[in-house]
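The following exercises concern the surface and the overall make-up of one protein chain. Please work through each task before reading its solution.

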Amino acid sequence: MENILITIKSFLATGFVSICSKILVTALILIVGLWIVKVVMKKFKKGKLIAKVNPAARGFFCSALDVVLKGVIIISACTYVGIPMASVVAVLGSAGVAIGLALQGGLSNIAGGVMLIVTRPFDIGDYVEVAGVGGTVKAIGIYYTTLDTPDNKKTIIPNGSVTSSPIINYTTNGTRRLDLEFGVAYNADIDLVKKTLLEVATKHELVFKDPAPEVFMTEHADSAVKFCLRVWMNGADYWTVKADCTEGAKRAFDREGIEIPFPQLDVHLDK
């Protein structure tokens, strides 16, 4: 009986030491491994290899590589503990299905990120309008696309929403067309209105001479005759030209005595 107790004590002591050592080594694998991944990712982001990749794809590839490396570290730790690789794969597969069903939106965001990298509808620095938001593209990640709006708001949009909505890229073509509409009184001189608006456009240094500015009548409205001033400029000058031409037209109309009407209601009383 005494021998049996000694054997049990010896086994428990040996087993306890073995378990503690495995737990300690596993913890070290995780801590050191994740630290190495952090260092590697930091150097990778500053390396020459990633510098050759399109700026729009860098964030996506870095995020994907970070997830893969961390997954390798976790699997290595599980293998060291003694969990069979087949069991790890089976558990990951089952967990993947469960997580996939629970997080369908997240998977659609990843798929959307892949589509953005493959199709490249826009690059970093482009001014775009997606999912009802307009702004400059700052980053394309594995889950989200980040925009900076003109009023300096940081907007983060899920990639699934980006790829499932119309994408308007204002930067790709380099140049933009601006159509400004003005209403004048019915008694205004049509030729004078056209001449005045053309002078406003042609005197602006940012407006292209080719294609040349155009002015044409668009509508006989209830209280005004409407004209369209059409000009072309570089995309970066769009807002400047729009503001200058809008203000310039008002000043020119005042100078030439061209009336800009406003809605009025005449009431006739029957005696």
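**Exercise 1.** Determine whether L28 is buried, partly exposed or exposed, and place L28 in its surroundings.

*Solution.* Step 1: L28 has a relative accessible area of 46%. Step 2: buried means under 20%, exposed over 50%, and partly exposed in between (1.4 Å probe, protein chains only); L28 is therefore partly exposed. Step 3: L28 lies in helix α1, where helices are DSSP runs of H or I with at least four residues, and strands are runs of E with at least two, numbered from the N terminus. Step 4: together with L24, I31, V32, W35, I36 and V40, L28 makes a nonpolar surface patch of about 690 Å². Patch members have over 30% relative accessible area and no salt bridge, with nonpolar side chains joined within 5 Å and like charges within 9 Å. A salt bridge is a side-chain nitrogen of Lys or Arg within 4 Å of a carboxyl oxygen of Asp or Glu.

The model is predicted: local features need pLDDT of at least 70 and side-chain atom pairs 80 or more, while totals for chains, interfaces and linings use all residues. Numbering starts from 1 along each chain as its sequence is written, and side-chain values use heavy atoms, without hydrogens and water.

**Exercise 2.** Which residues gather in a patch of positive charge on the surface?

*Solution.* Step 1: the residues are K38, K42, K43 and K46. Step 2: K43 is found in helix α1, residues 2-46. Step 3: K43 has a relative accessible area of 62%, so K43 is exposed.

**Exercise 3.** Summarise the chain as a whole.

*Solution.* Step 1: the secondary structure comes to 8 helices and 8 strands. Step 2: of the 271 residues, 28% are buried.

Note on methods:
Accessible areas come from the Shrake-Rupley method with a 1.4 Å probe; for residues, only the protein chains shown count as cover. Lys and Arg count as positive and Asp and Glu as negative; His and the chain ends are not counted. The place of a charge is taken as NZ of Lys, CZ of Arg, CG of Asp or CD of Glu.
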